[in-house]
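Here are some exercises to work through with the structure open beside you. Try each task before you read its solution.

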Amino acid sequence: MDVSRFPRISLGHFPTPLEPMANLTSLLGGPRLWIKRDDCTGLASGGNKTRKLEYLMAEAVAARADIVITQGATQSNHARQTAAAAAKLGMKCLILLEDRTGSTDPDYTDNGNVLLNRLHGATVERRAGGTNMQQEMEAAAARLQSDGMRPYVIPGGGSNPVGALGYVNAALELIEQAAARGLKIDYLVHATGSAGTQAGLAAGLYAANSDIRLLGIGTRAPKEKQETMVFDLACRTLDYMGMRAGLGRDSVVANCDYVGPGYGLPTPGMVEAVEILARSEGLLLDPVYSGKGMAGLIDLIRKGHFKATDNVVFLHTGGSVGLFGYPAAFGYKPS
């Protein structure tokens, strides 16, 4: 499988590290835990969206776009990395932020990723929760075109077949890293939301004929909906690559028991996971994705889901900037 034939612009630092988490392994009593550091991709403090943006922004450049439009939740990591990519490539950026939590806390609405969006020069517009964000982006694109601009629309999370190529590549990268150190990976666990990361990984592992078991920990949608979105995008990604043969529906698994009261809303498990990783491994997770993903992994370990001899890799999708939008969840809000 060769993904080098697809246009790509270098935006990140790759390969990202694959590191053991010996302290966490000891604390939880096994299995053997590893972390794939996609928080270290480099663009605007890093994160998983950088991999997707390398392909998406290459398409934008080829289309001679002078402005990119994307959307996400208020504390969107994807929006922040898109704003940075646009700045790096000399493009303007319009970000539409959907209120998915109802929070009016200024730390949430204006700090963290929102602050960085603006520092990178993006224009930020707000939308109410439940808005059809794809329609809003299309309307914005039509408005900008009428003003003589050349917009390029990036879906939320960068989750389409072009963006998913970034995680096809990540799967190959991880397989090579494991082979170089003689490591047999049994499970790859990560937070799954807009579907692009898991879909790309599923497509990449399938194309490489890998026996690594992929487990997404859901952060938003119910299990059936999440798995359907991921499977559909994985199949479309393989079609785009010209190599769909027979990806099995059972290759896409999402455990959505750790969403809690809703997307972006804190849970006790998320708080515990963020604190445990910070205090045992010196690693910063985020409160929306990797925190809930790790909460799910920790709980499954405690429930005996894995064998003590398994090698389990957790994909860190980045986003620690979002912690500055949630100080109250960790008991640090000034009185």
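Before we start, one cut-off: a residue is buried when its relative accessible area is under 20%, exposed when that area is over 50%, and partly exposed in between. Also keep in mind that this is a predicted model.

**Exercise 1. A helix on the inside**

Task: work out which residues of α11 are buried, and describe the helix around them.

Solution:
- Start with the helix itself. α11 covers residues 290-302, which makes 13 residues.
- Check its length. From the first C-alpha to the last, α11 reaches 18 Å, close to the 18 Å expected at 1.5 Å a residue.
- Now apply the cut-off. S290, G291, K292, G293, M294, A295, G296, L297, I298, L300 and I301 are the buried residues of α11.
- Draw the conclusion. Eleven of the 13 residues are buried, so α11 is largely enclosed by the rest of the structure.
- Look just past the end. G304 follows α11, and its phi is positive, near 80°.

**Exercise 2. The whole chain**

Task: find out how the radius of gyration of the chain fits with that of a compact globule, then add some overall figures.

Solution:
- Take the expected value. For 335 residues, a compact globule would have a radius of gyration near 20 Å.
- Set the chain beside it. The chain has 19 Å, which agrees.
- Add the box. Along the principal axes, the C-alpha atoms fill roughly 60 × 55 × 35 Å.
- Add the burial. 59% of the 335 residues count as buried.
- Add the surface. The accessible surface is about 13,300 Å², and carbon and sulfur atoms account for 52% of it.
- Look at the contacts. Among those between residues at least 6 apart in sequence, 80% join residues at least 24 apart.
- Finish with the elements. The chain has eleven helices and ten strands.

**Exercise 3. Strands side by side**

Task: trace the six-stranded open sheet and say which strands stand at its edges.

Solution:
- Read off the order. The strands go β1-β2-β10-β7-β8-β9, and their pairing is mixed.
- Go to the ends. β1 (18-20) and β9 (254-255) each have a single partner strand, so one side of each is left without a neighbour in the sheet.
- Zoom in on one pair. β8 (residues 213-218) runs parallel to β9, and two bridges join them.
- Find a partner. I217 has N255 in β9 as its bridge partner.

A little background: strands of a sheet pair through backbone hydrogen bonds, either parallel or antiparallel.

Task: now turn to β3; is it largely enclosed or open?

Solution:
- Count the buried residues. Seven of the seven residues of β3 (residues 67-73) are buried, so the strand is largely enclosed by the rest of the structure.
- Look for its partner. β3 runs parallel to β4, with seven bridges between them.
- Pick out a facing pair. I67 is opposite K92 in β4.

**Exercise 4. Nonpolar cores**

Task: which residues touch the most other members of the largest nonpolar core?

Solution:
- Name them. The core has 60 residues, and M57, V68, L188 and L201 touch the most other members.
- Ask where the core comes from. Among the elements that each supply at least two residues are α2 (49-62), β4 (92-98), α8 (196-207) and β10 (311-316).
- Find the top contributor. α7 gives the most, with eight residues.
- Follow one member. Leaving aside residues up to four places away in sequence, M57 touches I9, L11, V68, A85, A86, L89, M91 and I154.
- Look elsewhere. Apart from this core lies another, of 36 residues, including L28, I217, A295 and I301.

**Exercise 5. Backbone oddities**

Task: find two cis peptide bonds and say where their prolines are.

Solution:
- The bond from F14 to P15 is cis, with omega near 0°. P15 is in the segment before β1.
- The bond joining G30 and P31 is cis too, with omega about 0°. P31 is in the loop between α1 (22-28) and β2 (32-37).

Task: how do S45 and R64 count by accessibility?

Solution:
- S45 is in the loop between β2 and α2. Its phi is positive, about 80°, although S45 is not a glycine. With a relative accessible area of 42%, S45 is partly exposed.
- R64 is in the loop between α2 and β3. Its phi is near 60°, a positive value in a residue other than glycine. R64 has 57% relative accessibility and counts as exposed.

Definitions and conventions:
Residues numbered from 1 in each chain as written. Predicted model: local features only at pLDDT ≥ 70, side-chain atom pairs only at ≥ 80, totals over all residues. Heavy atoms only, no water. Pairing = 2+ DSSP bridges. Helix = DSSP H or I, 4+ residues; strand = E, 2+ residues; numbered from the N terminus. Core = buried A, V, L, I, M, F, W, Y, C linked by side-chain atoms within 4.5 Å. Buried < 20%, exposed > 50% of the residue type's maximum accessible area, 1.4 Å probe, protein only. Contact = heavy atoms within 4.5 Å. Expected span 1.5 Å × (residues − 1). Rg over C-alpha atoms; globule rule 2.2 N^0.38 Å. Areas by Shrake-Rupley, 256 points an atom, 1.4 Å probe, with all protein chains shown as cover.
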